[in-house]
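Q: Please take a close look at the places where the ligands meet the protein, and walk me through what the side chains there are doing.

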Amino acid sequence: MKKRLGILLVFGILFVGFSANWTYSYYQGLEEAYIPIMETKAPPVIPSEKKVFERSEYALDYLNMPQDENHQRTLESYYDNRAYPGAPPSIPHPVKEKLGMGGNICLQCHQNGGFVQKFNAYAPVTPHPEMINCKQCHVEQQTKNYFAATDFYKKPGPAVGVNSALPGSPPTIPHQLQMRENCLSCHAGPAAVKELWVDHPERVNCRQCHVPQQQEVENVELFVRANTVDQ
Ligand code: HEC
Ligand code: HEC
Ligand code: HEC
Ligand code: HEC
């Protein structure tokens, strides 16, 4: 009798152990929460608008960055070393390696910007870090004066602050988009021009709301060859 009770007890303990173990591992295996959403790939991006997102990983950093008002650029100083709107600016500072084309030497300051003590200014972020032959287009300033008088007319840039259809609506983009696809490089961060500094860098899809300003195209008259004979 005692032997039977002993065997039953052993089986009883085994059964309790088994069910405790089973319940424990069952609850361990459960998912935290079931989300009935299919995993999708990254949404497709329109190829011509791809560059808009190039610096969007820094958007929240830009949003939380304090503004350094003592070292902000203005639209006037921005156009100081540009021959015309959209022209490559000349290099306003000394360049170490005189013969090189630039590349990584320039990118160490111009890839992400930042304060440069020796020039007492923030380095503007380049909108085109992939064009590594920098000095193909950007030349060092040799002199501030002209050798001879010139009547070169410097076309002023498009007006700023007047491009909204209604008060509070997103202004249209008054400039061309070639070489200006990467909005955050010029419109956010400490080197951004004061008048162009944008308070919503986190809305990364800029061209969702800001559309290029379309100039009205005048109707060109129908071309008529002078020697055609009326029939
Ligand atoms: C040590 C950091 C540093 C290096 C290296 C450097 N730059 Fe700069 N760069 C600056 C700073 C800072 C400014 C802003 C100067 C100012 O506003 O007075 C600037 C301004 C410029 C500008 C004018 C931008 C504008 O919007 O007017 C150009 C163009 C430029 N640099 C090109 C280059 C090229 C090309 C090279 C490589 C040959 C280069 N830089 C190397 C820090 C640097
Ligand atoms: C194919 C010609 C070309 C090459 C190569 C080139 N740039 Fe530029 N860059 C331009 C033009 C044009 C602009 C003016 C864009 C505008 O204002 O619309 C510009 C603007 C800039 C600006 C000013 C951004 C601002 O805040 O307005 C910086 C800084 C700059 N480039 C740095 C560089 C650096 C660094 C390199 C090399 C890694 C480089 N560029 C290579 C043509 C070029
Ligand atoms: C190379 C620097 C640069 C880049 C890149 C750039 N912009 Fe600009 N943006 C400017 C300048 C400079 C102005 C002032 C008008 C002018 O001189 O062209 C301006 C003006 C504007 C204005 C008008 C602001 C107002 O208050 O009227 C809007 C909107 C704008 N840009 C949107 C954009 C968008 C969107 C992108 C990206 C597709 C972009 N910008 C890329 C330099 C730039
Ligand atoms: C959801 C729509 C929306 C998106 C996305 C958006 N903006 Fe705007 N933006 C606006 C509106 C609305 C205004 C006008 C704000 C006002 O007048 O108070 C504006 C104003 C501006 C201005 C004029 C200066 C200012 O701050 O008022 C600039 C420059 C600008 N945006 C650039 C950008 C850039 C660069 C991006 C991408 C990082 C961007 N915007 C994304 C809606 C948008």
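A: **Around the ligands**

Happily, one thing is quickly settled: the whole structure has zero disulfides (pairs of cysteine sulfur atoms within 2.5 Å). This is a predicted model, in which local features need pLDDT of at least 70 and side-chain atom pairs pLDDT 80 or more, while totals for chains, interfaces and linings use all residues. Residues are numbered from 1 along each chain as written, chains are lettered from A and ligands numbered from 1 in written order, and side-chain values use heavy atoms, without hydrogens or water.

Let's start with ligand 1. It has 24 residues around it, and those that come nearest are Arg73, His93, Cys106, Cys109 and His110 (a residue is near if one of its heavy atoms lies within 4 Å). Cys106, from that group, is partly exposed, at 22% relative accessible area, whereas Cys183 is buried at 17% (buried is under 20%, exposed over 50%, partly exposed in between, with a 1.4 Å probe on protein chains only).

Several side chains make polar contacts with ligand 1 (N or O atom pairs within 3.5 Å). His110 places a polar side-chain atom 2.8 Å from a nitrogen atom of ligand 1. Two other side chains face oxygen atoms of the ligand: Arg82 has an N or O atom 3.2 Å from one, and for Asn81 the distance is 3.3 Å. The elements giving two or more residues to this shell are helix H4 (104-110) and strand E2 (121-123), DSSP runs of at least four residues for helices (H or I) and two for strands (E), numbered from the N terminus. H4 gives the most, with five residues.

Now to the iron atoms. In ligand 2, the protein donors of the iron are the NE2 atoms of His128 and His138, 1.9 to 2.0 Å away (donors are N, O and S atoms within 2.8 Å of the metal, or 3.2 Å for Na, K and Ca). Its six donor atoms make angles of 86 to 179 degrees, an octahedral site (six donors, opposite ones over 155 degrees apart, all others between 65 and 115). Both histidines lie in the loop between E2 and H5, so the pair ties together parts 10 residues apart in sequence. His128 is buried, at 16% relative accessibility.

The iron of ligand 4 is coordinated by NE2 of His200 and NE2 of His210, at 2.0 Å. This site is octahedral too, with angles of 87 to 179 degrees among six donor atoms. Both His200 and His210 sit in the segment after helix H5 (183-187), so they join parts 10 residues apart in sequence. His200 is partly exposed, with a relative accessible area of 22%.

Methods. Polar contact = N/O pair within 3.5 Å; in protein donor to acceptor, adjacent residues only side chain to side chain. Tetrahedral: all angles 85-135°; square planar, octahedral: opposite > 155°, others 65-115°.
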